[in-house]
Amino acid sequence: MERQQFVASLVAGGCAGMCVDLTLFPLDTIKTRLQSQQGFYKAGGFRGIYAGVPSAALGSFPNAAAFFATYDCAKSLLGSCGVLAEPSVAPVTHMLAASLGEMVACLIRVPTEVVKQRTQATPSSSTYHMLVVTLREEGVRGLYRGFRSTLLREIPFSLVQFPLWEYLKTQWSQRRGHTLHSWQAAVCGAFAGAVAACVTTPLDVAKTRIMLAKAGSTTASGNILLVLCDVWKSRGLTGLFAGSIPRMTSISVGGFIFLGAYEKVRRSLLPEPNLAKLS
């Protein structure tokens with residue numbers, strides 16, 4: 001992967017992340033409160049809908065930049081050697097690249113997510129106060145509470161979203177006979193995001209509960225299966241898919257903005273010849 005392409009992926013990913021996280025923050029807050037163990041209204045209801053936004057603003061650019069830089073590099077490397085270079089196994093290449101991207105991005109995403117979600121579930125506290133409390137009571141380790149559950153949510157999500165996104169782009173492009181416009185890539189991203197969001201909602205519920213749990217509690221230990229079993233026993237299927245509608249809505253709209261903005265910015269940063277290449 002050339003340096004110019006790497007920089008384009010880095011900048012485009014960061015800009016796309018900022019756009020989607022700040023635009024859809026209210027929906028994210030509603031989803032977090034719906035999934036909270038204390039219930040929607042006790043967690044704040046519709047009050048303080050932008051609680052935790054500073055954490056999201058600070059983390060979105062480096063988080064998305066790290067993902068796309070890793071994703072594009074891995075896709076380029078894996079797609080240029082051996083059996084993974086075959087078009088028929090392109091989905092496998094995209095799955096591996098997306099998984100690597102999520103692993104790197106989660107190093108940045110999880111601390112910002114912990115602070116953001118705790119502030120969303122306690123709107124009377126500020127982002128800074130929640131950060132200080134977390135560090136004082138749990139140390140740096142507390143900022144990575146739910147790291148495993150986040151990975152186990154994000155990797156399956158990306159295993160569905162990105163191969164589906166790439167597949168839809170390829171099929172639509174072949175039918176049209178030209179490289180898709182940014183808005184067309186965005187439509188593919190919206191559909192892929194909605195499907196991935198629906199499938200992985202139970203994992204998102206588990207991740208949210210682990211991050212919001214009191215330090216030292218059974219839930220805070222991070223045992224995803226235990227948390228999912230507890231949700232199933234107390235609230236059934238409804239509990240496992242709590243917040244699925246705002247999650248699917250925000251991720252579908254987010255997929256449109258995120259992947260559309262990424263394509264638009266990346267293409268504007270690359271020379272014209274690269275536009276002829278299909279992803």
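Is lysine 75 buried or exposed? I opened the notebook with that one, and lysine 75 turns out to be buried, at a relative accessible area of 17%. The cut-off for buried is under 20%, so 17% puts lysine 75 on the buried side. Note to self: I am working from a predicted model.

**Entry 1: the partner of lysine 75**

I looked up what the lysine 75 side chain meets, and found a salt bridge with glutamate 166, at 3.0 Å from N to O. Side chains of opposite charge can pair when their charged atoms come close. I then checked where the two sit: lysine 75 is in helix H3 and glutamate 166 in helix H7, 91 residues apart, so I have this down as a link between distant parts of the chain. Glutamate 166 is buried too, with 1% relative accessibility. I counted up the rest of the salt bridges and got 18 in the structure.

**Entry 2: glutamate 154 and arginine 109**

Next I pulled up another pair. Glutamate 154 and arginine 109 meet through their side chains in a salt bridge, 3.6 Å from N to O. This pair also links distant parts of the chain, with glutamate 154 in helix H7, arginine 109 in helix H4, and their positions 45 residues apart. How accessible is glutamate 154? I read 9% relative accessibility, which counts as buried. Arginine 109 comes out at 12%, and counts as buried as well.

**Entry 3: a pair inside one helix**

I wanted a local case, so I went to helix H9, residues 201-212. Aspartate 204 and lysine 207 both lie in H9, three residues apart, about one turn of the helix. Their side chains meet in a salt bridge at 4.0 Å, N to O. The salt-bridge limit is within 4 Å, so I would mark this pair as sitting at the cut-off. I looked up burial for both: aspartate 204 has a relative accessible area of 0% and is buried, and lysine 207 is at 0% and counts as buried.

Which residues are linked with these in a network of salt bridges? I wrote down Asp28, Lys31, Glu102, Arg109, Glu113, Lys116, Arg153, Glu154, Asp204, Lys207 and Arg247. The pairs from Entry 2 and this entry are therefore both in that network, with Arg109, Glu154, Asp204 and Lys207 on the list.

**Entry 4: the cavity**

How many cavities of 30 Å³ or more does the structure hold? I found one. The largest cavity has a volume of about 800 Å³. It is lined by 29 residues, and closest to its centre are Val20, Asp21, Arg109, Glu154 and Ile251. Arg109 and Glu154 are familiar from Entry 2, where I had them as a salt bridge. I listed the elements that give two or more residues to this lining: helix H1 (3-23), helix H2 (25-35), helix H3 (53-78), helix H4 (90-121), helix H7 (147-176) and helix H11 (244-269). By type, the lining residues of the largest cavity divide into ten nonpolar, nine polar and ten charged.

**Entry 5: a pocket**

I moved on to the second largest pocket, which has a volume of about 470 Å³. Of the 18 residues lining this pocket, I noted the closest to its centre as Arg118, Thr122, Leu212, Ala213 and Lys214. Elements giving two or more residues are H4, helix H5 (127-138) and H9. Which element gives the most to this lining? That is H5, with six residues. I split the lining of the second largest pocket by type and got seven nonpolar, six polar and five charged.

**Entry 6: the aromatics**

Last lookup of the day was rings. I have 14 aromatic pairs for the structure. One of them is phenylalanine 40 with tyrosine 41, edge-to-face, 5.0 Å centre to centre and 80° between the planes. Phenylalanine 40 also pairs with phenylalanine 46, again edge-to-face, at 5.1 Å centre to centre and 75° between the planes. Phenylalanine 40 is buried, at 13% relative accessible area, whereas tyrosine 41 is exposed at 65% and phenylalanine 46 counts as exposed at 58%.

I also found one aromatic cluster formed by Phe67, Phe68, Tyr71, Phe162, Trp165, Phe258 and Tyr262. Over the face of tryptophan 165 lies lysine 169, at 3.7 Å from the ring centre.

Methods:
Residues numbered from 1 in each chain as written. Predicted model: local features only at pLDDT ≥ 70, side-chain atom pairs only at ≥ 80, totals over all residues. Heavy atoms only, no water. Phe/Tyr/Trp six-rings, centres within 6.5 Å; stacked < 30°, edge-to-face > 60°. Buried < 20%, exposed > 50% of the residue type's maximum accessible area, 1.4 Å probe, protein only. Lys NZ or Arg CZ within 6 Å of the ring centre and 35° of its normal. 1 Å grid on protein atoms, 1.4 Å probe; cavity = no way out; pocket = protein on both sides within 12 Å on 5 of 7 lines; lining within 4 Å. Points joined across faces, edges and corners; volume = space filled by probe spheres on them. Helix = DSSP H or I, 4+ residues; strand = E, 2+ residues; numbered from the N terminus. Nonpolar A, V, L, I, M, F, W, Y, C, P; charged D, E, K, R; others polar.
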